[in-house]
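Reader: I would like each label in this model set against its cut-off. Where do we start?

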Amino acid sequence: MQIINGFHLKNVRGDILGGITAAVVALPLALAFGNAALGPGGAIYGLYGAVVVGFLAALFGGTPAQVSGPTGPMSVTVAGVVAGLAAVGVPRDLSAGQILPLVMAAVVIGGLLQILFGILKLGKYITLVPYSVVSGFMSGIGVIIIALQIGPLLGISTRGGVVESLSTVFSNFQPNGAAIGVAIMTLGIVFLTPRKISQWVPSPLLALLIVTPISILIFGDGAIDRIGEIPRGVPSLNFPSFNQYFPIIFKAGLVLAVLGAIDSLLTSLVADNISQTKHNSDRELIGQGIGNAVAGLFSGLPGAGATMRTVINVKSGGSTPISGMVHSVVLLIVLVGAGPLAEQIPTALLAGILIKVGLDIIDWGFLRRAHKLSLKTSVVMYGVL
């Protein structure tokens, strides 16, 4: 029995299982992306984004089995927004209360532009971007993620973009042995967990469950940086700030809109392939836009269709938007009840998870064979990278 576009009650059991499984994978990634995008104290905003974008993009989007939330490309772009605002004098420390409303203004603008893209029926054009451009872009994002996590991996506090972050690491090279120990344990788990185990408990979650308590027992509270205090309860409505920085904010919103659209629609094509369905590109853009615009009002990190979470959802039985909505509800329950536990997660652990994400995003196969295809393809791909 069909209720609305893509909703079928006959697969409720599969959708619930798929949504729960996707949420298990999404939890550590949302926290890690929030920390990477906004710096210390930012992990919770990644979780806010996963809850809001995941639910609304599933409800209003055009790809039935897609699961949305913060992704590597979107978090890197937000980090760029933070760096750009810091360059014109806005304190980037979240506790100062000045940077977050400006970043969220860019998120809202990005969401509204995505809705406009869908209304103007631009979806079919976005998917025509050459693969060499997409490959180079995604590989570049992977390299940026890895570069930004070198400092946290070594226990060295860094801020800003790639150049500033790496400069801080080299000029203030005082590695924290405890952080390195946590990072090594994390990398060992995410890279070496046998597939027969990871198909039941995703390796990033396994790292959280194993390494966090070990770090508390061995290193205590003060030896390494941790996520820190997480606000209790559901996210509250906060209106973003549109002030004299509007040109920077609008430009950032446009980048988020275009990047999120490409990211989501490429994932939609993957979802079509594994679920034998056909998505509606323009409806998907509208759904993603609604999700991001509302996420910005609730201080949530912007999101897009997440390939790994979508594939896991489908493989676990999810086939309708109900699965994406279940994924968000599960994360909301975790947000309400598990805040004190998440506060103890070391930032070096999140860095280890993101290193794995960055390596997975890089299109190694195309990097190796691009020069064999044609000089033009190779120049475009490496140029974008």
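**Labels and cut-offs**

Author: Start with Glu 164, which is found in helix α7 (residues 162-171); helices here are DSSP runs of H or I with at least four residues, strands are runs of E with at least two, and both are numbered from the N terminus. The model is predicted, so local features need pLDDT of at least 70 and side-chain atom pairs count only at pLDDT 80 or more, while totals for chains, interfaces and linings use all residues. Residues are numbered from 1 along each chain as its sequence is written, and side-chain values use heavy atoms, with hydrogens and water left out.

Reader: Why is Glu 164 called partly exposed?

Author: The relative accessible area of Glu 164 is 37%. Buried means under 20%, exposed means over 50%, and partly exposed is in between (1.4 Å probe, protein chains only). The value of 37% therefore puts Glu 164 in the middle class.

Reader: What makes Arg 92 and Glu 164 a salt bridge?

Author: The closest N and O atoms of Arg 92 and Glu 164 are 3.6 Å apart. A salt bridge needs a side-chain nitrogen of Lys or Arg within 4 Å of a carboxyl oxygen of Asp or Glu, so the pair qualifies. Arg 92 lies in the loop between α3 and α4 (99-119) and Glu 164 in helix α7, so the pair ties together parts that are 72 residues apart in sequence. Arg 92 is buried, at 17% relative accessible area.

Reader: How many salt bridges does a search of the whole structure find?

Author: Two. Lys 356 and Asp 360 also meet in a salt bridge, at 2.8 Å from N to O. Both residues lie in helix α16 (residues 347-361), four residues apart, about one turn of the helix. Lys 356 counts as partly exposed, at 21% relative accessibility.

Reader: How do you know that the charged end of Lys 356 sits over the ring of Phe 191?

Author: The charged end of Lys 356 is 5.7 Å from the centre of that ring. The label asks for NZ of Lys or CZ of Arg within 6 Å of the ring centre and within 35 degrees of the ring normal. The distance therefore meets its limit.

Reader: How many aromatic pairs does the search find?

Author: The search of the whole structure finds two. Tyr 45 and Tyr 48 form one of them, with 5.8 Å from centre to centre and 80° between the planes.

Reader: Why is the pair of Tyr 45 and Tyr 48 called edge-to-face?

Author: Rings of Phe, Tyr and Trp (its six-membered ring) pair if their centres lie within 6.5 Å; planes under 30 degrees apart count as stacked, over 60 as edge-to-face and the rest as tilted. An angle of 80° is over 60, so the pair is edge-to-face. Tyr 45 and Tyr 48 are three residues apart in helix α2 (residues 43-60), which means a separation of about one helical turn. Both are buried: Tyr 45 has a relative accessible area of 15%, and Tyr 48 has 6%.

Reader: What makes the pair of Phe 246 and Phe 250 tilted?

Author: The planes of Phe 246 and Phe 250 are 35° apart, with 5.9 Å between the centres. That angle is neither under 30 nor over 60, so tilted is what remains. Phe 246 and Phe 250 are four residues apart in helix α11, separated by about one helical turn.

Reader: Why can Phe 242, Phe 246 and Phe 250 belong to a nonpolar surface patch?

Author: Patches are made of residues with over 30% relative accessible area and no salt bridge; like charges are joined within 9 Å, and nonpolar side chains (Val, Leu, Ile, Met, Phe, Trp, Tyr) within 5 Å. Phe 242 has 43%, Phe 246 has 38% and Phe 250 has 36%, so these three pass the 30% limit. With Leu 254 and Val 258 they make a patch of about 420 Å², an area from the Shrake-Rupley method with a 1.4 Å probe, where for residues only the protein chains shown count as cover. Phe 242 is found in the loop between α10 (203-219) and α11 (246-275).

Reader: How do you know that the span of helix α3 agrees with its number of residues?

Author: The expected span is 1.5 Å times one less than the number of residues. For the 16 residues of helix α3 (residues 72-87) this gives 22 Å, and the end C-alpha atoms are 23 Å apart, which agrees. Of the 16 residues, 13 are buried. Gly 89 follows α3 and has a positive phi, near 105°.

Reader: What makes Val 53 and Leu 29 buried?

Author: Val 53, in helix α2, has 0% relative accessibility. Leu 29, in helix α1 (residues 12-38), has 3%. Each value is under 20%, so each residue counts as buried.
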